[in-house]
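Reader: I am new to this structure and would love a close look at one part of it. Could you take me through the salt bridges and their surroundings, please?

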Amino acid sequence: IEYEHIETQKRIVEKNKRPDIEINNSKCRCFFEIKTDANRKIEDSQITDYFTELKKSREDGKDIFMIYIVPKNYKIEELNKIKKAIEKKESYARIFYWEDIIKHIEFIDLDKSNIFISEFKSFILNILGSNSASLKLNLKEMTLFNHPYDLAVANSALKKIKSIIEESAKVICKHKHLSYLLHDEDHEYIIYLKDKNEQYVLFFGLWFDLILNDRSINPDYIFCYGVADATSDDPFYAKYANKFKEIENKNEL
């Protein structure tokens with residue numbers, strides 16, 4: 001399958017309908033119907049008309065496929081409608097679940113290799129209302145367990161670094177009459193400092209996204225900092241500021 005074989009929202013002959021994605025070349029033809037909203041209905045035409053159109057390509061000697069991608073909590077009546085429709089078409093019709101797709105992406109670390117795939121995964125997980133599709137260890141994490149001593153040292157060092165960050169914040173606040181908030185999640189351990197006017201003036205700490213998502217930019221850094229100055233020429237200022245706005249908008253602080 002080549003890039004030019006893939007089209008989105010292309011109208012098909014049968015009743016002028018549009019599958020979300022179509023793959024079409026000299027060997028095969030495949031329709032994808034994609035639902036990310038668990039409450040979104042599947043139209044009858046997205047079942048019957050697509051099958052009718054695909055059968056024409058089978059008569060032309062092509063392999064045909066009809067793929068539905070939905071959340072696992074998709075409305076049961078809609079899911080049953082799809083399942084009933086494909087019962088007699090198992091040779092070319094399938095249902096796939098977003099959660100299983102994301103699990104596979106995480107397991108083979110595909111999201112670490114491409115920032116667009118990483119953004120795509122985050123987008124889907126946000127829709128699904130989850131931070132991760134799987135508690136299973138990926139290949140790199142499994143490899144780490146072959147070095148238990150290194151894991152123990154890393155865990156100890158991480159705890160020490162977090163303590164240094166928090167103690168540093170206390171010292172700064174004491175001398176500069178500031179207050180601070182701590183944000184602790186999987187990929188970051190950040191201190192946000194506020195002045196007496198409740199304005200954020202500084203943030204610093206561990207931010208693992210720097211090496212997980214931005215390997216082309218300072219791949220060996222995990223410490224981040226930002227001064228709340230919109231005129232700052234710090235190349236990372238805008239990135240840190242936007243990250244903070246995302247957290248603040250989610251009322252996580």
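Author: Here is a walk from the whole chain to its salt bridges, with a stop at the nonpolar cores on the way.

Please keep in mind that this is a predicted model, in which local features need pLDDT of at least 70, side-chain atom pairs count only at pLDDT 80 or more, and totals for chains, interfaces and linings use all residues. Residues are numbered from 1 along each chain as its sequence is written, and side-chain values use heavy atoms, with hydrogens and water left out.

The pLDDT is the predictor's confidence in each residue, from 0 to 100. Its average over the chain is 78, and 77% of the residues score at least 70. Confidence is highest in strand β2 (residues 21-24), with a mean of 93, and lowest in helix α9 (residues 237-249), with a mean of 56.

The chain has 9 helices and 9 strands. These are DSSP runs numbered from the N terminus: helices are H or I with at least four residues, and strands are E with at least two. Of the 253 residues in the chain, 35% are buried. Buried means under 20% relative accessible area, exposed means over 50%, and partly exposed is in between (1.4 Å probe, protein chains only).

Now to the cores. A nonpolar core is a set of buried Ala, Val, Leu, Ile, Met, Phe, Trp, Tyr and Cys residues joined through side-chain atoms within 4.5 Å. The largest one has 20 residues, and Ile 47, Phe 51, Met 66, Tyr 68, Ile 82, Ile 86 and Ile 95 have the most contacts inside it. At least two of its residues come from each of α1 (45-59), β4 (63-70), α2 (76-86) and β5 (93-97). Another core, of 10 residues, lies apart from it and includes Ile 23, Cys 30, Ile 69 and Leu 125.

Tyr 68 is a good place to pause. Beyond its neighbours within four places in sequence, Tyr 68 is in contact with residues including Glu 33, Gln 46, Phe 51, Arg 94 and Phe 96, where contact means heavy atoms within 4.5 Å.

On to the charged pairs. Side chains of opposite charge can pair when their charged atoms come close. A salt bridge is a side-chain nitrogen of Lys or Arg within 4 Å of a carboxyl oxygen of Asp or Glu, and the whole structure holds 14 of them.

One of them joins Lys 72 and Asp 100, whose closest N and O atoms are 3.2 Å apart. Lys 72 sits in the loop between β4 and α2 and Asp 100 in helix α3 (residues 98-107), so this pair ties together parts 28 residues apart in sequence. Lys 72 is partly exposed, at 43% relative accessible area, and Asp 100 is partly exposed too, at 33%.

Lys 75 and Glu 77 also meet through their side chains, at 3.6 Å from N to O. Lys 75 is partly exposed at 25% relative accessibility, and Glu 77 is partly exposed at 43%.

A network of salt bridges links Glu 106, Asp 109, Asp 111, Lys 112 and Lys 121. Within it, the side chains of Asp 111 and Lys 112 meet at 3.6 Å, N to O. Asp 111 is buried, with a relative accessible area of 5%, whereas Lys 112 is partly exposed at 30%.

Asp 109 deserves a last look. Asp 109 is found in the loop between α3 and α4 (110-113) and is buried, at 9% relative accessible area. Its phi is positive, about 60°, although Asp 109 is not a glycine. Most residues other than glycine have a negative phi.
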